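Thanks for coming, everyone. Please have a look at the model on the screen, and then I'll walk you through it.

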Amino acid sequence: MRSLTFFGSAIGALLLALAAVQALPPLPASSDSQPAAAVSTQIAATSDTELEGDSDNTPIRGANIGGVFLIEPFIKPSLFDQFLGRNKADIPVDEWTLTAALGKVEAKRQLEEHWDTFVTRDHLETMAENGINWIRIPIGYWAFNLTDDEPYVDGQVPYIERLLGWSRDVGLKVELDLHGAPGSQNGYDNSGRRGVPEWLHSRINVDRTLDALAKMTQMATDWSDVVYGIQILNEPSRWKWAVKDIFAFYNEAYDLVRSIAPDVLFMIHDTFLGPNEWPTLVAPRWTQALMDTHIYQMFDNYMVTMNETAHIDMVAKMAEDITKFDKSNIGVVVGEFSAATHDCTKYINGLGRGSRWEGTLEGIADRPLCPFPTCSCTGDYGSNYTEYSTHYKRFLRNYVDAQLAIYDQELAGWFFWNFRTEGAPEWDYILGVEQGWIPSFPRTAWPKLNESSAIVFEDAPTVHSVSEAGSSRYQFAKSLQGIATTLGMATVSMCFILFSL
């Protein structure tokens, strides 16, 4: 009887162990498969473009990794503030003048430190935990094609690839975005060089753009399980170039990208045209194509004068024709938007320039345009979010919710600009989620547990991959599941023996 009791206890323990192991969560997808879909309520995208790898119809929910591989003053003003006190003409206003002022050696030192620290794996994990499933990585052409007579410095590629490795480990999909072209495609600091654009004035500039695009596309091919989209050029301006000339470049770029990466998403910018004119930018022969549009309500004199209710109402008005295009042509992704409705943010209009809000933006606003009797870039409209009123934070949430109700549910998806900043709260995704004015979504990005894909730099701290932590736990679980199968068979056999006694 004692033996039977022992065997009974053993059987009970084995059955409990088997039940516990079988209850373990499923193992993440292997390195050559797509990240598993979250078992949670998902908002389906309704774009006519079927996004490869998104068979579950989860929309793109993304954040821009801006200001890292193409420096923008408003994202990291400290890089530029080191020159305050100089004559105005000697203060850098973009990456071109920043690197020129620093010189090659010092520019390389400061920017390598910036590339190494401004975006981390923890940032990606935080975003994934809050529902981000894509990131958009803006890159200047000089990471791939730099000439000796240009002040820029290169060396970004290893850091970009480290970011791709982290994205693979976390489960994020990536869009590579050529954000700046030789000669500047728009004359804005976000192209790397502020001033009069020269891009299409020279075939040499176009050829160098295509060379940079070819190298970036090859990177997408080398990381095909991570990079799902290529944006061929950010914001080429129809105010600077004839639309037919931009379309000619798009067509040439399409052939180039498809010769290297036949299946990657081919993403074009709307050149600031209205949605009714977007068909002039699209060729019927294109496949796997998306239109990228950027929606802001603070870079316009009239919009700055609007009150909070008008801003929220304007979201639907601005999106009406966009959703029509999305249903009838290629899909649309909102590649940039934010929580801001004012232009008080430091350097948002360019370093050394003022604001429409206070009426100090030279040549554009000669009087204050804010919707209040007194216009000041302080309090709710300053850079210190701890001074925001409860009312303003509630408005920010309502404004973001109004945007996401359309971008998330009626279009292919969205990318918030930006993932983080030094002091621009309404432009900071991680801060906005933390403070509650940006909503979280269920996680849909899951690790692909393969060999470590993170890059380790010489003379730098080791970059740890998920395989050293999460992977070991899952490998242990996998071993237990294997043992459980064997134990389960043994337990069944033992039961037959005992019951036959």
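**A strand covered on both faces**

Let's start with strand E1. Both of its faces are covered. On one side, Ile-60, Gly-62 and Asn-64 are buried. On the other side, Arg-61 and Ala-63 are buried too. That fits the count for the strand, residues 60-64: five of its five residues are buried.

Which strands does E1 pair with? One is strand E8, residues 413-416, joined to E1 by four bridges. The two run parallel. Look for Gly-62 in E1: its bridge partner in E8 is Phe-415. Another partner is E2, and here the pairing is also parallel, over three bridges. This time look for Ala-63, whose bridge partner in E2 is Ile-135.

**How far to trust it**

A word of care now. This is a predicted model. The chain averages a pLDDT of 85, and 78% of the residues score at least 70. Where is confidence highest, and where is it lowest? It is highest in strand E2, residues 134-140, at 99. It is lowest in helix H13, residues 470-499, at a mean of 39.

Two stretches need caution. Over residues 1-55, pLDDT stays under 50. The model still has 104 contacts for that stretch beyond four places in sequence. Over residues 455-501 the pLDDT is below 50 as well. That stretch has 49 contacts in the model beyond near neighbours in sequence.

**The whole chain**

Step back for a moment. The chain has 13 helices and eight strands. Of its 501 residues, 54% are buried. Now take the contacts with a separation of 6 or more: 75% of them are between residues 24 or more positions apart.

**The core**

Next, the inside. The largest nonpolar core has 129 residues. Which members touch the most others? They are Ile-65, Leu-124, Met-127, Ile-137, Leu-176 and Ile-232. Helix H11, residues 390-407, gives this core its largest share, with nine residues.

Zoom in on Leu-176. Setting aside residues up to four places away in sequence, Leu-176 touches Ile-137, Ile-139, Leu-164, Met-216, Met-219, Ala-220, Val-227, Gly-229, Ile-230 and Gln-231. There is also another core of nine residues, lying apart from the largest one. Its members include Trp-134, Met-267, Leu-290 and Ala-412.

**A helix with a kink**

Now find helix H10, residues 308-328. H10 has 21 residues and reaches 32 Å from its first C-alpha to its last. That is close to the 30 Å expected at 1.5 Å a residue. Still, H10 has a kink of about 40 degrees, centred on Glu-320.

Which residues of H10 are buried? They are His-311, Met-314, Val-315, Ala-319, Ile-322, Thr-323, Phe-325 and Asp-326. Keep a general rule in mind as you read that list. An α-helix has 3.6 residues a turn, so residues three or four places apart point the same way. What covers the buried residues of H10 includes strand E6 (289-294), helix H9 (301-304), strand E7 (331-336) and H11.

Let's follow that to E6, where Thr-293 sits. Is Thr-293 buried or exposed? Its relative accessibility is 4%, under the 20% cut-off, so Thr-293 counts as buried. Beyond its neighbours within four places in sequence, Thr-293 is in contact with Asp-270, Trp-278, Ile-322, Val-332, Val-333, Val-334, Gly-335 and Glu-336. Ile-322 is one of the buried residues of H10.

**Backbone oddities**

Last stop: the loops. Thr-271 lies in the loop between strand E5 (265-269) and E6. Thr-271 is not a glycine, yet its phi is positive, at about 60 degrees. Thr-271 is buried, with a relative accessible area of 0%.

Gln-288 is in the loop between E5 and E6 too. Its phi is positive, at about 50 degrees, and Gln-288 is not a glycine either. Gln-288 is partly exposed, with a relative accessible area of 23%.

One more to find. The peptide bond from Trp-417 to Asn-418 is cis, with omega near 20 degrees. Asn-418 lies in the loop between E8 and helix H12 (429-435). And E8 takes us back to our start, as the strand joined to E1 by four bridges.

Terms used:
Residues are numbered from 1 along each chain as its sequence is written. This is a predicted model: local features need pLDDT of at least 70, side-chain atom pairs count only at pLDDT 80 or more; totals for chains, interfaces and linings use all residues. Side-chain values use heavy atoms; hydrogens and water are left out. A nonpolar core is a set of buried Ala, Val, Leu, Ile, Met, Phe, Trp, Tyr and Cys residues joined through side-chain atoms within 4.5 Å. Buried means under 20% relative accessible area, exposed over 50%, partly exposed in between (1.4 Å probe, protein chains only). Contact means heavy atoms within 4.5 Å. pLDDT is the predictor's confidence in each residue, from 0 to 100. Two strands pair if DSSP finds at least two bridges between them. The expected span of a helix is 1.5 Å times one less than its number of residues. The bend at a residue is the angle between axes fitted to the seven residues ending there and the seven starting there.
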